[in-house]
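Grab a coffee and open the model in your viewer. Below are some short exercises, each with a solution worked through in steps.

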Amino acid sequence: MACTDHVRFAAGDATETEATATSTPFPGMVWIPGGTFRMGSNKHYPEERPVHRVSVDGFWMDRYPVTNARFEQFIAGENHVTFAEIPPDPRDYPGALPHMLYAGSLVFVKPDGPVDRRNIGHWWQFMRGADWRHPQGPDSSIDGKQNHPVVHVAYCDAEAFARWEGKALPTEAEWEFAARGGLDGADYAWGDEFLPHDRHMANTWQGEFPWRNTASDGYDGTSPVGVYDPNGYGLYDMIGNVWEWTTDWYEPRHPEEALKACCIPRNPRPGREDASYDPCQPEGRIPRKVLKGGSHLCAPNYCRRYRPAARFPEPIDTSTCHVGFRCIVRAAAPAP
């Protein structure tokens with residue numbers, strides 16, 4: 001099944017596993033109490049604006065991003081083939097030449113020196129044979145990286161995994177509320193300083209992106225989950241390491257209906273799929289979902305999206321070496 005087909009089904013599917021706030025539905029999950037918070041930021045990128053108050057109900061969330069080990073169990077149990085391993089259907093990509101339609105995924109390849117950062121083609125390559133088992137291309141492997149976040153997962157792969165575990169993917173509001181860890185309005189998941197006492201709090205890029213990473217945090221690439229301190233809710237790696245999928249259709253700023261005081265957003269918002277299309281890509285019209293959290297490729301000189309408010313559009317047919325996910329279980333409503 002193509003990602004586009006799968007997502008259209010999911011957007012109208014209201015069935016989800018639920019649990020009570022007093023019962024841990026699955027091992028390795030953390031209770032997020034819910035509440036009202038200031039979502040977004042007026043200080044950084046335009047798509048994060050405006051700050052507005054949002055309410056979310058309580059839910060359970062995976063303590064860590066889904067790891068290669070967990071994903072491998074899913075692959076074995078379901079015989080799932082990821083989107084990156086399936087040659088594209090020419091009908092989904094009108095105008096593409098036949099020799100361009102091969103299975104693969106986007107891989108970050110560090111250039112030898114400074115490049116024009118306006119052209120992402122200087123460091124991103126769509127690589128044949130790159131997938132979750134081969135994160136840097138066909139000659140690489142995940143040996144010794146079972147505890148690293150799984151990458152090269154398209155939206156439909158993340159959604160399929162969540163269903164297999166009896167869980168769901170979070171909305172953008174749920175994800176951001178959880179990432180803040182109770183620090184409402186703070187720039188980062190740990191406070192207002194990026195490097196408190198010169199201490200690295202997340203796996204990000206140090207040095208000049210994209211060609212020189214000093215790796216002063218100890219990692220040039222993904223890191224094992226749980227290396228850095230958890231946030232106030234006990235969640236690890238909500239910032240940096242890998243971006244994470246949410247269910248929201250991307251829009252270039254928070255939509256007007258979200259600005260009502262203390263509203264609980266309806267996500268994914270019905271009818272908003274069209275608004276998520278990239279206006280620079282008129283052909284194919286692949287909708288985009290919101291990614292959250294930033295990754296090990298976020299750098300102060302290029303992408304300061306290592307913050308709870310940060311958001312990024314990702315086409316649902318796209319997988320990369322720096323995008324993963326985690327799951328939630330929503331709490332059942334109290335009995336009347």
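**Exercise 1. Find where Asp112 sits, then decide whether it is buried or exposed.**

Solution. Start with the strands: Asp112 is in the loop that joins strand S6 (104-108) to strand S7 (124-128). Bear in mind that you're looking at a predicted model. Next, check the surface: the relative accessible area of Asp112 is 81%. The cut-off for exposed is over 50%, so Asp112 counts as exposed. Finally, look across to Trp211: it is 99 residues away from Asp112 in sequence, but the two C-alpha atoms are 6.1 Å apart.

**Exercise 2. Get the overall picture: how many helices and strands are there, and what share of the residues is buried?**

Solution. Count the elements and you get four helices and twelve strands. Then turn to burial: 53% of the 336 residues count as buried. Now the contacts: take those between residues at least 6 apart in sequence, and 73% of them join residues at least 24 apart.

**Exercise 3. Work out how helices H2 and H3 are oriented relative to each other, and which residues meet.**

Solution. Locate the two helices first: H2 covers residues 68-78 and H3 covers residues 155-164. Their axes are 11 Å apart, and the packing angle is about 80 degrees. Angles of 65 to 115 degrees count as roughly perpendicular, so that is the label for H2 and H3. For the contact itself, H2 brings Arg70, Phe71, Gln73, Phe74 and Glu78. On the H3 side you'll find Asp157, Ala160, Phe161 and Trp164.

**Exercise 4. Find out how many residues of helix H4 are buried, and what follows the helix.**

Solution. Walk along H4, residues 172-180: nine of its nine residues are buried, so the helix is mostly covered. The buried set includes charged side chains such as Glu172, Glu174, Glu176 and Arg180. It also includes Trp175 and Phe177. Just past the helix comes Gly181, with a positive phi near 60 degrees. Now see what some of those charged residues are doing: Glu172, Glu176 and Arg180 belong to a salt-bridge network together with Lys292 and Arg311. As a reminder, side chains of opposite charge can pair when their charged atoms come close.

**Exercise 5. The structure holds 20 salt bridges. Take three of them and ask which parts of the chain each one links.**

Solution. Begin with Arg38 and Asp184, whose side chains meet at 3.3 Å, N to O. Arg38 is in strand S3 (residues 35-39), while Asp184 is in the loop between H4 and strand S8 (243-249), so 146 residues separate them. Both ends are partly exposed: Arg38 has a relative accessible area of 38%, and Asp184 has 31%.

Move on to Asp187 and Lys43, a salt bridge of 2.9 Å, N to O. Asp187 is in the loop between H4 and S8, Lys43 is in the loop between S3 and strand S4 (52-56), and the pair therefore ties together parts 144 residues apart in sequence. The two ends get opposite labels: Asp187 is buried at 16% relative accessibility, whereas Lys43 is exposed at 58%.

Finish with Glu48 and Arg307, at 2.6 Å, N to O. Glu48 comes from the loop between S3 and S4, and Arg307 from the loop between S9 and strand S10 (311-315), so this pair ties together parts 259 residues apart in sequence. Glu48 is buried at 0% relative accessible area, and Arg307 is buried too, at 1%.

**Exercise 6. Lys289 is buried and has no salt bridge. What does its side chain reach?**

Solution. Place Lys289 first: it lies in strand S9 (residues 288-292). Look for a partner of opposite charge, and the nearest such side chain is Glu159, 6.9 Å away. A salt bridge needs the atoms within 4 Å, so Glu159 does not qualify as a partner for Lys289. Now check the backbone: the Lys289 side chain reaches the backbone oxygen of Thr247 at 2.6 Å.

**Exercise 7. Decide how accessible Arg53 is.**

Solution. Arg53 is found in strand S4. Its relative accessibility is 40%, so Arg53 counts as partly exposed. For a neighbour in space, try Thr36: the two are 17 residues apart along the chain, with 6.6 Å between their C-alpha atoms.

Technical notes:
Residues numbered from 1 in each chain as written. Predicted model: local features only at pLDDT ≥ 70, side-chain atom pairs only at ≥ 80, totals over all residues. Heavy atoms only, no water. Buried < 20%, exposed > 50% of the residue type's maximum accessible area, 1.4 Å probe, protein only. Polar contact = N/O pair within 3.5 Å; in protein donor to acceptor, adjacent residues only side chain to side chain. Axes fitted to C-alpha atoms, helices over the stretch in contact; angles between N-to-C directions. Parallel < 35°, antiparallel > 145°, perpendicular 65-115°, else oblique. Contact = heavy atoms within 4.5 Å.
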